[in-house]
Amino acid sequence: MAPRRRHAAADPASTAPLPTGDEKTARVRAMFDTIAPRYDLMNRLMTFGLDQAWRSCAVGALALPEDALVLDLACGTGDLSRLARRSGYRVVGADLSAGMLAANGASTPLVEADGSRLPFVDGAFDGLVCGYALRNFTDLAATLSECARVLRAGGRLAVLEVDAPTSRLWRAGYDVWFNRAVPALGGALSDKEAYHYLPRSVAYLPPAPVLRRMLIEAGFSAVGIRPLAGGLSQQVVATRTGSR
Ligand SMILES: C[S@@+](CC[C@H](N)C(=O)[O-])C[C@H]1O[C@@H](n2cnc3c(N)ncnc32)[C@H](O)[C@@H]1O
C-alpha cells in the first residue's frame, strides 16, 4: 500500500520518500534492532506511561477463556505478552527483529518471523494481539490474511495503533509533542533516525474505513475501531469468521 501523508512535515529530512517493499522490511528490522535496548523507556516517556493502560485494554478486549492460546504478533520486548499471561492466557510471541526478541523478557516461546509469512498451522490460536506494528508491516493485507489464517473460527483479534486526536486543541499539542519533542527525545536517548521516522510512519496507516474493509476481506467480522485517550491511540477488535 502506498504511504499516505497525515502529519505536517517535521523537518526537511521528512520529505524523503518512505521506503516500500523489501527495502522497508530491511529498514524496519534494522531500526528495531537498533532501538531495542531503550524501546520500553522511550514508550513510557512518549506516552507518559499511558501505553501500558492501552495494552491492558487490548488484552481485556480479547475476552477469551482462561488458558486460551494467544499469539502476540510483533511482540517486541513483550509488554502485551506479559499482560496477556497475567490474564491467564498461554502466549507465543513472534517478531521480525532479532534485537527486539533478545530484549523480550516475557518468558514466552518466541519465534523470529515476518507477519506476512507466519510459521504456524491454520487455526492454531484462539486469540491474537498486535501492538503498534500495523504501520511497520510491508504488506498489511497479507499480514491480516495471515492473522486470520492462524486464528480458529471465532478467535479474537485485538490490535493497537497510534492515532491522531480530532479535537483541534488536543491535536495542536499532540502535533508538537509527536512531531517535534519525541524525535528530539529519541535522538537524545535512543536513535535519532528511528524517532524521526516514527511520526512519518503514521502515513502508512490506512484510514479506519479502509482498515475495516481490509479486515473483513481478510476473514474477520464484528470489526470495532475506537479511539483511546481522545485519539492518542486506537484499538481495533475483530472476530475470525468461518466454521473451522
Ligand atoms: C512499535 S514496535 C511494537 C512492539 C510491541 N508490540 C509493543 O506493543 O510494544 C513494532 C514491532 O513490530 C515488529 N515488526 C515490524 N515489522 C514486522 C513484520 N513484518 N513482522 C513481524 N514483526 C514486525 C518490530 O520488530 C517491532 O518489534
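This report describes the overall dimensions of the protein, two of its helix pairs and the surroundings of one residue, Ala218.

The structure is a predicted model, and the protein in it has nine helices and seven strands. Along the principal axes, the C-alpha trace of the protein spans about 50 × 35 × 35 Å. The radius of gyration is 17 Å, which agrees with the value near 18 Å that a compact globule of 244 residues would have. Buried residues account for 41% of the 244 residues in the protein. If one takes the contacts between residues at least 6 apart in sequence, 67% of them join residues at least 24 apart.

Two packed helices are described by the angle between their axes and by the distance between those axes. The table sets out these values for the two pairs considered here.

| Helix pair | Angle between axes | Axis distance | Handedness of crossing |
|---|---|---|---|
| α2 (residues 39-47) and α7 (residues 168-189) | about 150 degrees | 11 Å | right-handed |
| α6 (residues 140-150) and α9 (residues 208-218) | roughly 45 degrees | within 8 Å | right-handed |

With an angle of about 150 degrees between them, α2 and α7 are therefore roughly antiparallel to each other. On the α2 side the contact is made by Leu41, Met42, Leu45 and Met46, which meet Val182, Leu185, Gly186 and Leu189 in α7. By class, the residues of this contact of α2 with α7 divide into seven nonpolar, one polar and no charged.

For the second pair, the angle of roughly 45 degrees means that α6 and α9 are oblique to each other. Here Leu140, Ala141, Leu144, Ser145, Cys147 and Ala148 in α6 meet Met214, Leu215 and Ala218 in α9. The contact of α6 with α9 comprises eight nonpolar residues, one polar residue and no charged residues.

Ala218, which takes part in the contact of α6 with α9, is found in helix α9. Is Ala218 buried or exposed? Ala218 counts as buried, because 21 C-beta neighbours lie inside 10 Å, where the cut-off for a buried residue is 20 or more. When residues up to four places away in sequence are left aside, Ala218 touches Leu144, Ser145, Cys147 and Ala148, residues that belong to α6. By contrast with these contacts, the C-alpha atoms of Ala218 and Ala113, which are 105 residues apart along the chain, are separated by 20 Å.

Terms used. Residues are numbered from 1 along each chain as its sequence is written. This is a predicted model: local features need pLDDT of at least 70, side-chain atom pairs count only at pLDDT 80 or more; totals for chains, interfaces and linings use all residues. Axes are lines fitted to C-alpha atoms, for helices over the stretch in contact, and angles run from 0 to 180 degrees between N-to-C directions. Helices (H or I, at least four residues) and strands (E, at least two) are DSSP runs, numbered from the N terminus. Angles under 35 degrees count as roughly parallel, over 145 as roughly antiparallel, 65 to 115 as roughly perpendicular and the rest as oblique. A crossing is left-handed if the near helix is turned anticlockwise from the far one by less than a right angle, and right-handed if clockwise. Two residues are in contact if their C-beta atoms, placed from the backbone, lie within 7 Å. Ala, Val, Leu, Ile, Met, Phe, Trp, Tyr, Cys and Pro count as nonpolar, Asp, Glu, Lys and Arg as charged, and the others, Gly among them, as polar. The radius of gyration is taken over C-alpha atoms; the globule rule is 2.2 Å times the number of residues to the power 0.38. A residue is buried if 20 or more other C-beta atoms lie within 10 Å of its own, exposed if 12 or fewer, and partly exposed in between; C-beta atoms are placed from the backbone.
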